[in-house]
Amino acid sequence: MTTNPGTVRVPYTGAEKESLHASLDRHRDAVLWKLDGLDDEQVRRVMTPSGTNLLGLVKHLASVEYGWFCSTFGREVEPLWFDPFSEEDMSAGPGETTRQIVEFYGRARAAADRTLSELSLDDLGTSWNGTTVSLRWVLIRMVEETARHAGHMDIVRELIDGGTGDHRRG
């Protein structure tokens, strides 16, 4: 994981895989930055009628990374302690710590990155719903998914303490 969010740049003339991966990493780093400096109550604070909170979104993104990058391509996924196809996927339970979920996201990210480094964009896998997909499609899908939820997190973080943007400024 990047320790200085906002420093990953999509190369202006990079190859397709390199550019898509860099874009995903920028959004992944923004997701983690949204938790930076907040206490346990703040990262769990429900800020929308649907129950959206920062920590739940990180948990969801971790399970989705494992699902798309690992399960789809027959890679190992660590045993999940929750049902990723239920509401448990989008919320942090009372027994789940911030550290546990952030570390889970880190492991999911590392597993996804191994898949990205070992396969080509044209390699095919089978998704959870039986659809044949390429690694290229999955990478694009995950850039979209992560960017979408990073945007949700931006709004939630702004409502909590006014923090905005994709990385710490100055």
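The legends below describe close-up views of a predicted model.

**View 1. Helices α3 and α5 pack against each other.**
Helix α3 covers residues 54–70, and helix α5 covers residues 135–161. Their axes lie 10 Å apart and make an angle of about 175°. Angles over 145 degrees count as roughly antiparallel, so α3 is roughly antiparallel to α5. Sorted by class, the residues in the contact of α3 with α5 are 15 nonpolar, four polar and four charged.

**View 2. Glutamate 16 and arginine 136 form a salt bridge.**
The closest N and O atoms of glutamate 16 and arginine 136 are 2.8 Å apart. Glutamate 16 belongs to helix α1 (residues 16–33), while arginine 136 belongs to helix α5. The two residues are 120 residues apart, and the pair links distant parts of the chain. Glutamate 16 has a relative accessibility of 39% and therefore counts as partly exposed. Arginine 136 is also partly exposed, with a relative accessible area of 25%.

**View 3. Aspartate 113 and arginine 28 form a salt bridge.**
Here the closest N and O atoms are 2.8 Å apart. Aspartate 113 sits in helix α4 (residues 98–118) and arginine 28 in helix α1. With their positions 85 residues apart in the numbering, this pair links distant parts of the chain. Is each partner buried or partly exposed? Aspartate 113 is partly exposed, at a relative accessible area of 23%. Arginine 28 has 0% relative accessibility, so arginine 28 counts as buried; the cut-off for buried is under 20%.

**View 4. Aspartate 40 and arginine 44 meet in a salt bridge within helix α2.**
The N to O distance between the two side chains is 3.0 Å. Helix α2 spans residues 40–44. Aspartate 40 and arginine 44 are four residues apart in helix α2, so about one helical turn separates them. Aspartate 40 counts as partly exposed at 39% relative accessibility, and arginine 44 counts as partly exposed at 21%.

**View 5. Salt bridges that share partners join six residues into one network: Asp25, Arg28, Asp29, Glu65, Arg109 and Asp113.**
Arg28 and Asp113, the pair in View 3, are among the members of this network. For the model, the count comes to 16 salt bridges.

Notes. Residues are numbered from 1 along each chain as its sequence is written. This is a predicted model: local features need pLDDT of at least 70, side-chain atom pairs count only at pLDDT 80 or more; totals for chains, interfaces and linings use all residues. Side-chain values use heavy atoms; hydrogens and water are left out. Axes are lines fitted to C-alpha atoms, for helices over the stretch in contact, and angles run from 0 to 180 degrees between N-to-C directions. Angles under 35 degrees count as roughly parallel, over 145 as roughly antiparallel, 65 to 115 as roughly perpendicular and the rest as oblique. Ala, Val, Leu, Ile, Met, Phe, Trp, Tyr, Cys and Pro count as nonpolar, Asp, Glu, Lys and Arg as charged, and the others, Gly among them, as polar. A salt bridge is a side-chain nitrogen of Lys or Arg within 4 Å of a carboxyl oxygen of Asp or Glu. Buried means under 20% relative accessible area, exposed over 50%, partly exposed in between (1.4 Å probe, protein chains only).
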